[in-house]
Amino acid sequence: MRKFLVSVADVSLFLGRVFRNFFARGFEFREFLRQCFEIGNKSFTLISVTGLIIGLVLTIQSRPVLVNFGAEGLLPGMVAVSLIREMGPVITALICAGKIGSSMGAELGSMRVTEQIDAMEVSSVNPVRFLIVPRVLAATLMIPLLALYADGLGLIGSWLGANIKGSISWTLFISQAFASVSFMDFIPAVLKSFFFGTVIGLVGCYKGYNAGRGTESVGIAANSAVVTASFLVILVDLVAVQITDLIR
């Protein structure tokens, strides 16, 4: 119980320092842009392949069931709603939790081990403002964009899957897909993607910033960042689904 309370206090103090520096002067805009590029560049290929495969697999698995009920025409709309509401944002966030969360944890953990963060503090440079705030904001911005990109590639993969055992034009497929999607399907998905990005950025930075002094602590920080961020993404998604259901 004592260890748990100490952990809660550490997290609270860390979050307090981060949110105070969100509104402080001297925002590191160049570092923010660099982190945006790093997050997008590191995840672009993996998100591209995953988004395409998700749409393809979802279509191949769902098509026989819909054919049995004579509802094959509902396939594009079903895939579009599934991708936009749930699968696109969540799977993108889980991939980024493994790719970005571990990278942040390892990078900041190695800086802690090699005493670079301590050197910044001694030199009167605020490490939270320079290292953590740009990373958290970059993750918050880029993960929704990556999720939308994954949704688009998922629709392309779905169209390819629909043409494996059938024949449907791209124009007809897209018109049927978006006929089942409303504006309220996009808004909750994008909003929860912002929360996913914030959670991943905060967890990755917290685990790395508070890493131990030994070299093995870098691996521990990276691994812990992935596990914790993935769990919190699922938890945030559960809460977001409940809120969205109440609104609808």
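**Figure 1. A nonpolar surface patch of about 1,000 Å² in a predicted model**. Let's start on the outside, where L141, L145, L148, F183, M184, I187, L191, F194, V239, I243 and I247 make up the patch. Helices α5, α7 (183-209) and α8 (216-247) are the elements that give two or more residues to the patch. The most comes from α7, with five residues. One member worth a closer look is I247, found in helix α8. Its relative accessible area is 62%, so I247 counts as exposed.

**Figure 2. S158 and its surroundings**. From the surface we turn to a serine in helix α5, which covers residues 127-162. Is S158 buried or exposed? With a relative accessible area of 0%, S158 is buried. What does the side chain of S158 meet through a polar contact? The partner is the side chain of T59, at 2.6 Å. T59 also appears among the residues that S158 contacts once neighbours within four places in sequence are left aside; the full set is G55, L56, T59, V79 and F173.

**Figure 3. Cysteines without a disulfide**. How many disulfides does a search of the whole structure find? The count is zero, and two close-ups help to show why, given that a disulfide needs a pair of cysteine sulfur atoms within 2.5 Å. For C96, the closest cysteine sulfur belongs to C36 and lies 12 Å away, which is too far for a bond. For C205, the closest cysteine sulfur is again in C36, here at 13 Å, so this pair is too far apart for a bond as well. C96 is buried, its relative accessible area being 0%. C205 also counts as buried, at 0% relative accessibility.

**Figure 4. The protein chain that frames these close-ups**. Stepping back for context, the protein chain holds eight helices and zero strands, which gives the pattern α-α-α-α-α-α-α-α when read along the sequence. The C-alpha trace spans about 70 × 35 × 35 Å along its principal axes. Of the 248 residues in the chain, 44% are buried. Contacts often reach across the sequence: among those between residues at least 6 apart, 84% join residues at least 24 apart. The chain exposes about 13,000 Å², and carbon and sulfur atoms supply 69% of that area.

Key
Residues are numbered from 1 along each chain as its sequence is written. This is a predicted model: local features need pLDDT of at least 70, side-chain atom pairs count only at pLDDT 80 or more; totals for chains, interfaces and linings use all residues. Side-chain values use heavy atoms; hydrogens and water are left out. Buried means under 20% relative accessible area, exposed over 50%, partly exposed in between (1.4 Å probe, protein chains only). Helices (H or I, at least four residues) and strands (E, at least two) are DSSP runs, numbered from the N terminus. A polar contact is a pair of N or O atoms within 3.5 Å; within protein, one must be able to donate a hydrogen and the other to accept it, and residues adjacent in sequence count only if both atoms are side-chain atoms. Contact means heavy atoms within 4.5 Å. Patches are made of residues with over 30% relative accessible area and no salt bridge: like charges are joined within 9 Å, nonpolar side chains (Val, Leu, Ile, Met, Phe, Trp, Tyr) within 5 Å. Accessible areas come from the Shrake-Rupley method with a 1.4 Å probe; for residues, only the protein chains shown count as cover. A salt bridge is a side-chain nitrogen of Lys or Arg within 4 Å of a carboxyl oxygen of Asp or Glu.
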